[in-house]
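Q: Please take a close look at the metal coordination in this model. Then follow the chain outward to whatever borders it.

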Amino acid sequence: MKNPSLQLMVHADGIGETIPSLNYPGVTIKKIHKADSKNYLFIDLLVAKNTKPGRFPIQFKKDGKVVHAYVYELLQRKPNASQVKGFTAADVIYLITPDRFANGDVSNDVISTMRENKIDRKNDYGRHGGDIRGIINSLDYIAGMGFTAIWPTPLLENDMKQSSYHGYAITDYYKVDPRFGTLDEYKELADKCRQKGLKLVFDGVVNHTGSQYWWMKDLPFRNWINYPDSLRITNHRRTVNQDLYAAESDKELMVRGWFVETMPDLNQSNTFLAEFLIQNTIWWIETLSLGGIRQDTYPYSQKKFLEQWSCRIINEYPQFSITGEEWSTNPLIAAYWQKGKTNTTGYNGCLKSPMDFPLQQALWQSLTEPEAWDKGIVKLYEALANDFVYANPKDLLVFGDNHDMNRILTFLNNDADLLQMAMTYILTIRGIPQVYYGTEVLIENSAKPGDHGLIRTDFPGGWEGDKANAFTGAGLSADQLRIQGYLKKLLNWRKGKKVIHDGSTLHFAPSNGTYVYFRYNKQEKVMVILNKNEKQTELSTGRFNEILKGHQQAVNVLTGEQLSLQEKITLPAKSATVWEIR
Ligand SMILES: [Ca+2]
Ligand SMILES: [Ca+2]
């Protein structure tokens, strides 16, 4: 690694009262740190350049006698390990809730030694049995649809009494949850993704763990977690991170407060914990040759730590990509975290791709609001006009929904035509698109708006005996097949379109319920027309002369239909059409 330092956290009875020693060419012990608990020892190693991979024993002596020993292994790095490429705007990320996607191995459904040891598909908050094998089995479907990356929500151990299916209450940062599979299966998933041209995005959670984390019974340091003695819940006032006038007590509670009693908040200002978390992330990138990381609850961790965490990763893997969840619909707040943004507070991290929550909200509101001077489609136009606040708007993660909010179809009042418009926008506007699994077959949650369990509905066909099967198309409705087919075509077209990946954007003020924008570069021009009107609409192209000048024809990328730009374009009611300009 570029960084020659490695800190080992050693945990064993009374290990803190021992002196460690080792003998291996290239590896030296630089410093030893005791913890608050006598059962931990932190050992700083220096690994010299060109040190050979191999195993070496570390001996722990007390009063001159060896009382503990451990064989540590330095693994061989894969060729070009530091050159792993993160997701870019050339990718489209398919977001998966693994427990709800596909059950590829029923033998891991119930693990009797775990606290939650039953499956119940009728319970929205119970485990349903989906797993890594199910994702592996579905990779051809995902790649065939035209997605180029997958982001499964966390697959690490969540040995909690209930709601362990969602994965955000991790109880061991180095262990795959056995109900999802094994580390070998996770590696197999990574390898098969690579073979099929899919990047694998890891969902990281450094803000909190599950309360059943093994170390909770014997914390290395008293300040390993925040508020260890008296539970305090975060105020969720995320703007304190940027606010020039915020009270210290509010800032403190925001970052140190817990989400819920079952998720202890980690204190990343403890440098040993910070190092543990950074090394752990790097270990996963290295082990799986990841294609990106999504970091949960981004603004809830210590800011100094977030700078170190993100920039240490980018230092080791310069072409890597990180996206982070800052759930704010204010672009100023989202922009603050992006790599390259100059902030007066001095914060300067390496988060490439903040999530574009502001645009997500503008998208569904613009499509569902009645048209008026300051409402409806103009909201989408004006939301994009905020791009000047971002260091790099082309790197933002754009999405219609995710696993924590209503399904986009529910936001859009279950209107499949509006869904088609929204998805066309996501897939043609600047940024890195992310699509939640099942959007393509109209999964919605209008029966219980906002309900996480229902939002994370089982993917049809993921379970033996499912009535409908989205993988084969069997049992799907005409609308489901139509949207699935539409997305498949658009996604596969997008794959080869550099002009969509990193072209410039030009948009025209919406007029009469239509909104027209262009993506262009020196070689190509693409025109996207959103028509929100409930009836067929005629559109003259004269107003777009500054970009259409010298062009005669447009070709519909989905239907192949050709039209003359000299004539009016007929737009179907509630439609999105994508045209290559000739
Ligand atoms: Ca299973
Ligand atoms: Ca926190």
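A: A residue is called buried under 20% relative accessible area, exposed over 50% and partly exposed in between (1.4 Å probe, protein chains only). The model is predicted, so local features need pLDDT of at least 70 and side-chain atom pairs pLDDT 80 or more, while totals for chains, interfaces and linings use all residues; side-chain values use heavy atoms, without hydrogens or water. Residues count from 1 along each chain as written, with chains lettered from A and ligands numbered from 1 in written order.

The calcium ion (ligand 1) takes its donors from Asn 103 (OD1), Asp 105 (O), Asn 108 (OD1), Asp 109 (OD), Gly 129 (O) and Asp 131 (OD), at 2.3 to 2.5 Å. Donors are N, O and S atoms within 2.8 Å of the metal (3.2 Å for Na, K and Ca), and sites may look incomplete because water is not among the atoms. Along the sequence, the spacing of these donor residues is N-x1-D-x2-N-D-x19-G-x1-D. Two of them can be placed by accessibility: Gly 129 is buried, at 4% relative accessible area, and Asp 131 is buried too, at 0%.

The calcium ion (ligand 2) is coordinated by Asn 207 (OD1), Val 255 (O), Asp 265 through two entries marked OD, and Tyr 300 (O), at 2.2 to 2.7 Å. Here the donor residues follow the spacing N-x47-V-x9-D-x34-Y. Asn 207 belongs to the loop between E12 and helix H3 (248-256), and Asp 265 to the loop between H3 and helix H4 (271-288), so this pair ties together parts 58 residues apart in sequence. Helices (H or I, at least four residues) and strands (E, at least two) are DSSP runs numbered from the N terminus. Asn 207 has a relative accessible area of 0% and is buried; Asp 265, at 1%, is also buried.

Strand E12, at one end of that first loop, leads to a sheet. The sheet is open, with 4 strands in the order E12-E13-E14-E15 and parallel pairing; strands pair if DSSP finds at least two bridges between them. Its edge strands, each pairing on one side only, are E12 (202-204) and E15 (353-354). Strand E14 (residues 322-324) is joined to E15 by 2 bridges, the two running parallel, and Thr 323 faces Ser 353 in E15. Helix H5 (residues 303-316) packs on this sheet, touching strand E13 (293-295) and E14, and its direction makes about 160° with that of E14. Contact means heavy atoms within 4.5 Å; axes are lines fitted to C-alpha atoms, for helices over the stretch in contact, with angles from 0 to 180 degrees between N-to-C directions.

H4, which borders the loop of Asp 265, leads to another sheet. That open sheet has 3 strands in the order E1-E4-E3, paired antiparallel, with E1 (5-11) and E3 (27-34) as its edges. Its twist averages 25° from one strand to the next. E3 and strand E4 (residues 40-47) run antiparallel and are joined by 7 bridges; His 33 stands opposite Phe 42 in E4. H4 packs on the sheet, touching E1, E3 and E4, at about 110° to the direction of E1.

Asn 3 lies in the segment before E1 and is partly exposed at 24% relative accessibility. Leaving aside neighbours within four places in sequence, Asn 3 contacts Arg 312 and Glu 316. The C-alpha atoms of Asn 3 and Glu 316 are separated by 7.7 Å, although their positions lie 313 residues apart along the chain.
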